[in-house]
Amino acid sequence: MQDHVTTHQAQEDARNEEILIWLNGRLVPKAQAMVSVYDSGFMLGDGVWEGLRLYNGTWAFLGEHMDRLFEAAKAIDLDIGMTRDEVISALLETQKANGMTTDAHARLMVTRGVKTRPFQHPSLSRQGPTVTIIMEHSKPSIPRPIRLATVPHIRGLPMTQDPKLNSHSKLNCILACIAAEKAGADEALMLDIHGFVNTTNACNFFIVRKGAVWTSTGDYCMNGITRQKIIDLCRENDIPVHERNFSLVDTYGADEAFLTGTFGAQTPVGEIDGRQIGTGDMGPVTLRLRTLYKALVEKESA
């Protein structure tokens with residue numbers, strides 16, 4: 001068994017060394033895709049991003065991803081400098097240039113752009129945004145259920161850094177992941193400000209108890225598109241689902257646990273804080289939801 005895995009672990013693909021990256025209107029080779037050290041994203045983590053997944057020639061739930069990107073940019077008062085159609089056109093141009101048809105992942109990033117001086121104030125970012133699309137051949141390859149460890153880092157209040165935002169400022173989640181690794185786990189299970197189970201450092205979190213699916217209230221977690229699809233699928237297929245507060249005690253006693261995210265869709269969790277969850281393998285409810293989600297994606301790309 002591999003000692004350590006991540007929720008974004010993919011098969012090695014040599015083609016990724018030759019990819020073209022979209023950078024401010026130009027397609028450039030990977031080795032030449034560089035931004036200034038004065039860029040707001042590099043200097044301060046000032047920007048937003050989206051992860052998208054390509055299935056059978058179609059970017060799954062593209063409209064919802066564009067909604068989330070533009071809403072996040074508006075929330076941080078960042079002018080992307082492109083319309084929705086122009087962003088989608090850039091995505092499709094990058095896909096075509098790289099000859100990708102399926103099993104590809106795109107990370108679309110927008111920062112406030114290059115600063116005139118190396119200081120915080122956003123008015124120093126006067127040259128317009130930096131827009132980048134990294135697109136890789138990417139087939140998930142997670143050899144076993146994920147092991148989680150609860151960490152002291154929490155998902156905070158919206159008046160500090162709203163956890164619903166896909167922002168470039170990810171240090172809180174990175175520190176959570178480091179803490180989990182040092183505890184011998186793969187990734188971190190994070191609580192909310194009240195001590196209820198919330199999310200992981202990279203994905204949204206669900207448990208299954210007696211056939212019912214539980215997830216957090218959504219108040220402190222990422223505004224997950226895959227998360228919402230799973231909630232919707234439960235409701236459409238008579239699977240009891242609850243958005244509620246629940247504790248670590250509820251979690252340790254769960255029959256199943258799984259994560260949701262654009263990259264891995266639904267990733268089973270086998271262990272939390274050294275406690276085996278259910279059988280330690282993917283459970284029947286998780287498997288059913290995986291099947292339903294796959295059918296939904298196939299319908300989307302038909």
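These legends describe close-up views of the cores, pockets and cavity of a predicted model.

**View 1. The largest nonpolar core of the predicted model has 27 residues.** Within this core, Leu52, Trp59, Met66, Leu69, Leu91, Leu108 and Ile133 touch the most other members. Two or more core residues come from each of strands S1 (20-23), S3 (47-55), S5 (104-111) and S6 (130-137) and helices H2 (62-75) and H3 (84-97). H2 contributes the most, with five residues. In soluble globular proteins, nonpolar side chains tend to be buried together.

**View 2. Leu52 and its contacts.** Leaving out residues up to four places away in sequence, Leu52 touches Trp59, Leu62, His65, Met66, Leu91, Ala104, His105, Ala106, Leu108 and Thr262. A second core, separate from the largest one, has 20 residues, among them Val213, Leu233, Ile239 and Ala265.

**View 3. The largest pocket has a volume of about 790 Å³.** It is lined by 36 residues, of which His8, Trp49, Arg107, Ala202 and Cys203 are the closest to its centre. At least two lining residues each are supplied by S3, S5, S6, helix H5 (171-182), strand S9 (197-200), helix H6 (225-236) and strand S13 (256-261). H5 has the largest share of this lining, four residues. By class, the lining of the largest pocket holds 12 nonpolar, 16 polar and eight charged residues.

**View 4. The second largest pocket encloses about 520 Å³ of space.** Tyr55, Pro140, Gly264, Ala265 and Lys294 are the closest to the centre of this pocket, out of 21 lining residues. S3, strand S14 (265-272) and helix H8 (284-301) each give two or more residues to the lining. The largest share, seven residues, belongs to H8. The lining of the second largest pocket divides into nine nonpolar, six polar and six charged residues.

**View 5. The largest cavity has a volume of about 60 Å³.** One cavity of 30 Å³ or more is found in a search of the whole structure. The lining of the largest cavity is made up of Leu52, Arg53, Tyr55, Ala60, Phe61, His65, Ile225, Thr226, Thr262 and Tyr293. Both S3 and H6 supply at least two of these residues, and S3 gives the most, with three. Six of the lining residues are nonpolar, three are polar and one is charged. Leu52, shown in View 2, touches His65 and Thr262, and both of these residues also line the cavity.

Definitions and conventions: Residues are numbered from 1 along each chain as its sequence is written. This is a predicted model: local features need pLDDT of at least 70, side-chain atom pairs count only at pLDDT 80 or more; totals for chains, interfaces and linings use all residues. Side-chain values use heavy atoms; hydrogens and water are left out. A nonpolar core is a set of buried Ala, Val, Leu, Ile, Met, Phe, Trp, Tyr and Cys residues joined through side-chain atoms within 4.5 Å. Buried means under 20% relative accessible area, exposed over 50%, partly exposed in between (1.4 Å probe, protein chains only). Contact means heavy atoms within 4.5 Å. On a 1 Å grid over the protein atoms alone, a cavity is a set of points where a 1.4 Å probe fits but cannot get out, and a pocket is an open set with protein on both sides within 12 Å along at least five of seven lines; lining residues have an atom within 4 Å of a point. Grid points are joined across faces, edges and corners, and a volume is the space filled by probe spheres set on the points. Ala, Val, Leu, Ile, Met, Phe, Trp, Tyr, Cys and Pro count as nonpolar, Asp, Glu, Lys and Arg as charged, and the others, Gly among them, as polar.
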